[in-house]
Structures are given as C-alpha cells and as structure tokens.
Amino acid sequence: MTVEMDLVLTVARRELRDTIRSKLLWIYAACFAILSAVLTLTGLSGAQLAGSGGYGRTAASLVALVQTLVPLMGLTLGALTVAGARERGALRFVLAHPVSRTEVLGGTFLGLATALCGSVAAGFGLEGVIGAISGAPGSPSSLLILSGLSALLATSMLAVGMAIGAGSTRSSAALGLSILAWLLLVFVGDLGIMGTALATRMPVSVLFFSVASNPVEAFRIAAVPTFGSSLDVLGPAGSYAVDSLGSASGLLAAAVMTVWIVVPALIGLRRFLRSDA
Amino acid sequence: MITIEHLTKRYGDFVAVDDVSIGVAAGEAVALWGPNGAGKTTVIRCLLGLASHEGTIRVGAYDTSTHAKQARRLIGHVPQELAFFNDLTVDETVEFSAQLKRVDFESLNQTLETVGLLDHTNKPVGSLSGGLKQRLAIALALLGDPQILLLDEPTSNLDAASRDSIVRLLHDLRSPSRVLLLTSHHLEEVGLLADRVVAFESGKVVLECGSQELGERLGLQSWLHVRIRNGSLDDASAALNSHGIKAWPNKQGVLVEVSSQRKGIALRALEDAGFPVVDFEVWR
C-alpha cells in the first residue's frame, strides 16, 4: 500500500504540537540546557588556566553528557508516546480514520524526532551563546557537528524507544523496558564488551567493531575528533581506529547510528502492524 | 453494505467473538444488543480493522483485512470510550480529523452546527462535559458524510437529559442511503434507532429479530411507576394483581412489573378498574 505523505505530515504536526506541550520534554530539555551551560562555564574557568586544553575537557564532558542524557530522552519519549497513546485509547481514535498504521507510526516518529532534535539543538544553542559571550576557545563548526551527531543519536534512540512502545499495551511496561535498554546501551554494554575482551583476549579489530556497533559508543567515536582530540584517548580500540580507518571511523560511526534508526524503525513498524489498537 | 462472515476474535484462550455472521444492507439500521462483555465492541473494532481476527469482513467493496484504510473512508465512527487529545481545542480536533478524512474545511462549521457545538469551538476538548464530548464524537463521525455510521454505545456515561438529546440527534441522522450500526444495551434506544436487532451473549449471536420484538423475545420485564388521580394505592395494586399483573403501592404511585412490550395493558387495566392514570415513568 502506498504511503500518503500529507497524512504522515498531518499526524506529525499534531504529534509535534502535543510533544512541545508535554512536561517530560521540557524537563529533559531544561536538564540538558542547564547541565551543558554548567559544563561550559566550568570549562571556561579551566581554559583560563590551561588554554585550549580546557576547552577540550569541556567538549569531552559535553560528549559524556550527551551519551548519558540524550539516549534516556529518546528511549523514554519514544516508548511512552506510543504505548501511552494505546493505553489512553488515543491510538484507536486516530486509527479509526482512513489512515494506515504505517502513516500513523511514521508521522508520530517524525513529530517526536523534530521535537527531540529541537530540544537538543536548543541546548547546544545556549551553550554556543554562552561560549561566544565569554570568548571561549573552540569553533562554532565543531559545536554544530556535535549538535548534528547528538541529533542523530537522539533519533536512533527514539527509534529504539518506539520499537519498544509499538508492541507494549501498558506505558509502565514500555517505560521499564526503555530504561532497561538505556542501562544496557549506556552502561552495561560497554562494561560487558570490556569484560569479554579481557576474558577472551579478543582481537583489537573485533573489540573495535563490537564497541562501534553500540550507537552510544558510535556517537563517541564520531564526536571525539570534532574537538581536535585523537581517538587514541578511547584506548586500544581507538588506536586501532586511528591506524586502520583514519578519518573514515567518523563516517562508520555515523553509519552505525543511521542503521540504529532504520532497523529499530522497521522492527517497530512490524510490531505495530501486528498489534491490536 | 457490510458483510461479516464467520468472524472469530480470540485474546489468547478467551474467545471474545465466536463465529459470527451478520449482513447489513444499505439504508438499514441494525443494533448489536447484549450485556457488557458480550462481544459487540469487538465486532466494531474488527470492522474498523483495529483488531486482527479470523473470518471475513467486507465494507462496501473492501475486505477490511487487506483494505482497511479504504473501508474506513466509508465509515464514521463514534467510539464507546471517548479518547481525544485533551489539549487540542474543538476546532483543532475537528480540523485534524478533517485532514485525515480529506474533508473540505468549508463544511466543518455546518457539521458543528448540526451537533450543537458551534459555541464551543475554542474550548480545549479536555474541558468539555460528557455530553459535549459525545456530540464532538458524533461531529467527527459525520465529517465527509459517510455512508456508514458505527455507533458504539453512543449514550453510555450520559445523564438522562443528554441521552435523550443524543438519541434524538442520532434518530435524525437516519437516511435511506446510510447504514446505521450501533451497539447498545438500552432497550428503548434500540427500539428508537434500529430496524433490526442482533442479540449477543458470550460472543455468540443468540437472536436476530425486529427491534420492536426484542423485549418480548427475550422475556424482558419493565418497571412502571404509575400515578393515579384518586383512590387507594392498595386498591389500585390489588386491581392489577387480579389481572395477573404484579404491582405494589410505592410512595405517590403504584409500581408495576410488566412485560416490556405490554406496558399499555397495565395502564388500561387501571383505567378500567376506575383508577385514572395521571402520569407514568418507565424505570427500566
């Protein structure tokens, strides 16, 4: 069946309006903006003592902040929106119209992704303004690239969250699963790979690709070079990337995040098509 | 216009609808009648393509398993549970629904006027009363002048006054070219709105008959509270009892239990026995 884009956009506009009015998004956006502003201001005082190295530490802190907070935003927002709409009956209300499930899920994804990326961009915008006013070292272009990579990570986590929500009948279950996915991707996955690498004497190439297959780590691999640091700071896997892939490691990481948008979106769609409204 | 053949819906081991076949012709008004949990709403959800099922459902020329979107273009639906987006205003909700249905915006005010919502267009949907929300649901169902109206318990959760006005509104929506398929467990509502009744019990069709025959076929009893002009309430009750009609004095009147299709017999018996009837209410 053909997808009618005007119907997708109608659903997306309503979702965007609804999400902008949601408290959850505002809480996340405020947390992100405040924490990134604090990191910038703290880094600035360091930069006065350590020069451009201070900026490097600020950027590294920002990467860590994005790695922690943005996946939580995307996963919970995606899971709660779809499962919550089903639980409240709002999904049934929309699906009773002459609109396909693919159009509804596609529009919901588009509306949520716009709201989520907008809130991430607003956080980086605030940080850029603070940096510009206080004369912080670092280029606006690296901030823009970091902002774009963050949006890519946010969208991939949103797709995972929606895949969770698409098959859930209760928003509490969807929230629980999305937080579990956050713990696995942000904390447990990295530790698990490190433990496995130590226990099995994993070849460094396998170690790198195992690490890079995690979208949160892929973001870090793509983000670190944007503020002038070498991937060597990431350890043996980073050194392997520098030696074997060079600048292509950033493209590979971006491709991994893109795959983490497409595959969960297709899984979510399949679950959504098979579930009762 | 609607053909349902061997419809079965299971939720795990529980069979919500069991091998149901129903046909509804153009211009017909059919009620799915039965107690809560009988399977009426599940039939409506399957008809809209909202739930997977066994069996075949055709709406117009479309099989809902493969062409649910096209089938829904022919349908206006009033759901049992009114779940709108509460932050949207009435106007925004109607506009959203109209865009999904590809309805000309110029006709929206006409639809809102039909259901008496024109004075509430700027209010958030969440602030509307139950009756007004029900009217909004009917307005959304009417957008695009659909050939089929599916009304799932259209008066549930309404007070008596709102219920009467909604039933009148729905009655006016009947037309020779439109199919009305409603679910209800209110006998009077079914009698007023439907030509034919399909009665459900535990997911199965147990009876099909004309709407006026339903009460009698199911052996349903009504309670009448009758006020008489003069005379003893005890004597009036005794007069009815002598005709084999159960009756008791009750406050300012006589409470009568009678077959739902034979209420007039009780009133006539009171008149014949010299107890002129001033007023009466149907309590059930």
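How many helices and how many strands does chain B have? Chain B has ten helices and 14 strands. The legends below treat a predicted model.

**Figure 1. Chain A is built from helices, with zero strands.**
Chain A has eleven helices. Read from the N terminus, its elements run α-α-α-α-α-α-α-α-α-α-α. Its C-alpha atoms fill a box of roughly 60 × 50 × 30 Å along the principal axes. The radius of gyration is 20 Å, which agrees with the value near 19 Å for a compact globule of 277 residues. Of those 277 residues, 49% count as buried. Contacts between residues at least 6 apart in sequence were sorted by separation, and 82% of them join residues at least 24 apart.

**Figure 2. Chain B combines helices with strands.**
The C-alpha trace of chain B spans about 65 × 45 × 35 Å along its principal axes. Buried residues make up 40% of its 284 residues. Among contacts in chain B with a separation of 6 or more, 66% are between residues 24 or more positions apart.

**Figure 3. L116(A) and F219(A) touch the most other members of the largest nonpolar core.**
This core holds 147 residues. Its largest share comes from helix α3 (residues 52-88) of chain A, which gives 15 residues. Which residues does L116(A) contact, leaving aside its neighbours within four places in sequence? They are M73(A), G74(A), L77(A), A154(A) and L158(A). Another core lies apart from the largest one and has 15 residues. Among them are A236(B), V254(B), A266(B) and L270(B).

**Figure 4. Chain A and chain B meet through 18 residues of chain A and 19 residues of chain B.**
Which elements give two or more residues to the side of chain A that touches chain B? They are α1 (5-20) and α4 (90-95) of chain A. By class, this side of chain A has eight nonpolar, four polar and six charged residues.

**Figure 5. I27(A) is an exposed residue in helix α2 of chain A.**
Helix α2 covers residues 23-50 of chain A. Why does I27(A) count as exposed? I27(A) has 11 C-beta neighbours inside 10 Å, and a residue is exposed if it has 12 or fewer. The C-alpha atoms of I27(A) and G250(A) are separated by 31 Å. Along the chain, these two residues are 223 residues apart.

**Figure 6. Four strands of chain B form an open sheet with antiparallel pairing.**
The strand order is β2-β1-β4-β5. At the edges stand β2 and β5 (62-63) of chain B. Each has a single partner strand, so one side of each is left without a neighbour in the sheet. Strand β1 (residues 2-11) of chain B pairs with strand β4 (residues 54-59) of chain B in the antiparallel sense. Five bridges make up that pairing. Which residue in β4(B) is the bridge partner of T8(B)? The partner is E54(B).

**Figure 7. β4(B) and β5(B) form a hairpin with two residues between the strands.**
The two strands run antiparallel and are joined by two bridges. In β5(B), Y62(B) is the bridge partner of V59(B). G60(B) takes a positive phi near 60 degrees in this hairpin.

**Figure 8. D19(B) has a positive phi, and so has E153(B).**
Most residues other than glycine have a negative phi. Phi of D19(B) is near 50 degrees, a positive value in a residue other than glycine. D19(B) is found in strand β2 (residues 14-24) of chain B. With 14 C-beta neighbours inside 10 Å, D19(B) counts as partly exposed. E153(B) is not a glycine either, and its phi is about 45 degrees. E153(B) lies in the loop between β7 (148-152) and α6 (160-172) of chain B. Is E153(B) buried or exposed? E153(B) is buried, with 21 other C-beta atoms within 10 Å.

Terms used
Residues are numbered from 1 along each chain as its sequence is written. Chains are lettered from A and ligands numbered from 1 in the order in which they are written. This is a predicted model: local features need pLDDT of at least 70, side-chain atom pairs count only at pLDDT 80 or more; totals for chains, interfaces and linings use all residues. A nonpolar core is a set of buried Ala, Val, Leu, Ile, Met, Phe, Trp, Tyr and Cys residues joined through C-beta atoms within 7 Å. A residue is buried if 20 or more other C-beta atoms lie within 10 Å of its own, exposed if 12 or fewer, and partly exposed in between; C-beta atoms are placed from the backbone. Two residues are in contact if their C-beta atoms, placed from the backbone, lie within 7 Å. Ala, Val, Leu, Ile, Met, Phe, Trp, Tyr, Cys and Pro count as nonpolar, Asp, Glu, Lys and Arg as charged, and the others, Gly among them, as polar. The radius of gyration is taken over C-alpha atoms; the globule rule is 2.2 Å times the number of residues to the power 0.38. Two strands pair if DSSP finds at least two bridges between them.
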